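Thank you for making time this morning. I would like to take you through one model, and I will try to be careful about what it does and does not say.

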Amino acid sequence: MTTVAQFWNRNRIAGAVYVLLGLLAVLYFGVSNPAKNDVTLRLTADTSLTFGARPVIIVLGLVTVAVGVALLAVLTARSHFAWTAGVALGALVLAFLFWGTSLAKTLHTIPVEALLYGTLIAATPLIFGALAGVLCERSGVVNINIEGQLLVGAFAGALVGTMTKSVWAGLIAAGVCGALMAALLAVFAIKYLVDQVVLGVVLNVLAFGITGVIYERLMQPNAAEYNNAGQFKPWEVPGLSDIPLLGPVLFRHNLFVYLALALVAAITFALFYTRWGLRTRAVGEHPTAADTLGIKVRLVRYRNTIMGGFVAGLGGAMLTIGAGVTFNKEMTAGKGFIALAALIFGRWSPVGAMLAALLFGFADAMQQFLSSVISPVPSQFLQMAPYLATLFAVAGLVGKVRAPAADGKPYVKG
Amino acid sequence: MRIVAVLAIGGLALSAAACGDKPSSNNGSSGNGKKYKACMVTDVGGIDDKSFNTSAWQGLQDAKAANGNIEIKYSASKAETDYQPNLNALVTEKCDLILAVGGLMTDATKAAAAANPAQKFAIIDSNIPAANVYSMQFNTAQAGFLAGYLAAGSSKSGKVATWGGLKIPPVTIFMDGFAEGVAHYNKVKSKTVAVLGWDNKSQEGLFAGSFTDQNKGKQLAEQLVAQGADVIMPVAGGAGLGTASAAQASGGKTSVIWVDADGCKSAAQYCDVFMTTVVKNIAGAVKDAVVAGADGKALTGAFTGVLGNNGVSLAPYNKFDSKVPAELKTEIDALKKDIVDGKIKIESPAQPK
């Protein structure tokens, strides 16, 4: 028994799955329902790459098989798990994308630039949300309330932005409202020791309720005075925005995308290389020890939770004044929960959370593309894809993750 | 003692909440005597949905304006479970006509009509074959056909697009008509204008999964524009405003065909990107039905809104009036006549039978 269990370690199981999936891809996409038309990758406005889809798909499927075989035979060390998963699943996804495009009804051209641009746009609110989660949870407060914080941010951005006729005022109001929401979370979680999961859910309902009522009573009937904020204009980074492919994808956005990327860098640095970060992590892992060393546990938690709310509020504003659309009831549509999944998939690290958010964003952009060219995959299934990817990533790939040890446990001086 | 107090307060709160839960209703007028009372039950979207509930209520108001002897009221449904109680409450109130708004209310209306054979009902977007139910449906594929032809004729890139809120017949019927219109243009002119976002043969296409998510509407528009589409028809209520916003940001490169009610009136801030609107004239049909009922005419059978009776139509070109070539306008007028005369058959499987 034990020898069987030892042989089938995580790498070998994954290897077997990759061999199977790779073979299926080769047989189905390459043989039984083969890609027919050539696929064109349009990299920039005037550079494109056209190739026969079928041989490329077969090669990609074989790459997945090869990675699987390697995992079964030689790469059994734990350290090989992550990159092999990336290569094997990445090849599979590309094979699927090329196959779907090749058999599409209308066009067989993949606009790479737009696909990646769309990925980043879809991922940005999730990055803000997940960073809010990092700030709270690293200090030991569970934040199920990200959804509500995003929502009040979107709401305040639109309302204040319209009333003051300044998107900047809207942005600040969005952050402040997110922080206020988080302050409620903090008071009940830290002072009154309420169960943090239940509390987060209740506060989400509160956010739906408040924004919903004001929307219906004030913003919807008088949209011109209260729900008509402008938009942050895109700012092209001089020089960088002219780089082929990368320029349009990365450097032609408005404030929010740059802000999200900057925050990822800043929070990573602060969390791992500053005194504040050390204290935050200490409080999240072992509050008693931190307290013994003279760190004010509750103060750190209050501060971090409220900072997290501010970040989530800014992210919410992207949905209204960042996109130039009006506020709408429950417009966050579950983004806060996907952000939570990204946080866990990213193992409570800012960079990991960002990559997880990008994965979701890519799945979303890819399903939109495949639906629009009428690929052979039913649209209902495609619409599910981003959520399936998230589920699969969190449940199948992450394996055992360790949250900060004191996450969700209120600290009572004893 | 404390527990008792908590329970008492909790009980009070609950009973207060229960009072508040009564379906809200609103008397359009407080007439007495022998007035004709037309009542409607809204769908969950509510009276301000800027879509079919608003249009139906507008129809009732128009009817009242046309005939002072008509009294109107509505009951709002907050959930699908409210349909049946709301309909029953209106039966008790002795409304002369009870209007159910939306195909989701089909089963509830069928049951209420069977239980109250003497009561007159009407329903929008559904067909109930009962003697006391007047069914109103709209063949928007006919107007969508004209929109598709217009889009194909106006596109410079040779690619046009449509996308929907959800894959349900009242949505896909617009998209079917649009795709068939483009195909007709290609056939007549020997062109190859491509339709992104919907294939009427396989009934597959691009959907936002929402009628409210404007961000999604914007992202979809950006994707479609990146693939070359320069005319887009979103069939997704408020979510479509995201596409209008993206088109406005394009500075005239992308234009939008709106649906339901003339976009230059219902979403006037985007009027400069609306080429036209595929109009579904719910208000007109409701008004005509109520006025006829008040005049003592029997309301039975079914009404199908088509181009011929103005139940569906193509709105004015508004700000595109000077941009759409006169020749194309003439062709569209001729097409309209051909559809009315039955020379052109529309094949959408979502059409009302």
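I will go from the fold of chain A to its core, then to a sheet in chain B, and finally to the contact between the two chains.

This is a predicted model, in which local features need pLDDT of at least 70 and side-chain atom pairs count only at pLDDT 80 or more, while totals for chains, interfaces and linings use all residues. Residues are numbered from 1 along each chain as its sequence is written, with chains lettered from A and ligands numbered from 1 in the order in which they are written.

Let me begin with chain A, which has 17 helices and three strands; here helices (H or I, at least four residues) and strands (E, at least two) are DSSP runs, numbered from the N terminus. Its radius of gyration is 23 Å, which agrees with the value near 22 Å for a compact globule of 414 residues, taking the radius over C-alpha atoms and the globule rule as 2.2 Å times the number of residues to the power 0.38. Of these 414 residues, 49% are buried, meaning that 20 or more other C-beta atoms, placed from the backbone, lie within 10 Å of the residue's own.

What, then, has the most contacts inside the largest nonpolar core? That core has 185 residues, and A:Ile127, A:Leu131 and A:Ala342 are the ones with the most contacts inside it; a nonpolar core is a set of buried Ala, Val, Leu, Ile, Met, Phe, Trp, Tyr and Cys residues joined through C-beta atoms within 7 Å. Its largest share, 16 residues, comes from helix H5 (residues 112-138) of chain A.

Turning to chain B, we find an open sheet of six strands with mixed pairing, in the order S8-S7-S11-S12-S13-S15, where two strands pair if DSSP finds at least two bridges between them. S8 and strand S15 (312-314) of chain B are the edge strands, each pairing on one side only. S15(B) and strand S13 (residues 274-280) of chain B pair in the antiparallel sense over three bridges, and B:Val279 stands opposite B:Ser313 in S15(B).

Finally, the interface: 32 residues of chain B are in contact with 28 residues of chain A, contact meaning that C-beta atoms, placed from the backbone, lie within 7 Å. On the side of chain B that touches chain A, strand S8 (194-196), strand S10 (204-205), helix H7 (214-226) and helix H8 (240-249) of chain B each supply at least two residues, and the largest share, nine residues, comes from H7(B).

Terms used. Contact = placed C-beta atoms within 7 Å. Buried ≥ 20, exposed ≤ 12 C-beta atoms within 10 Å, placed from the backbone.
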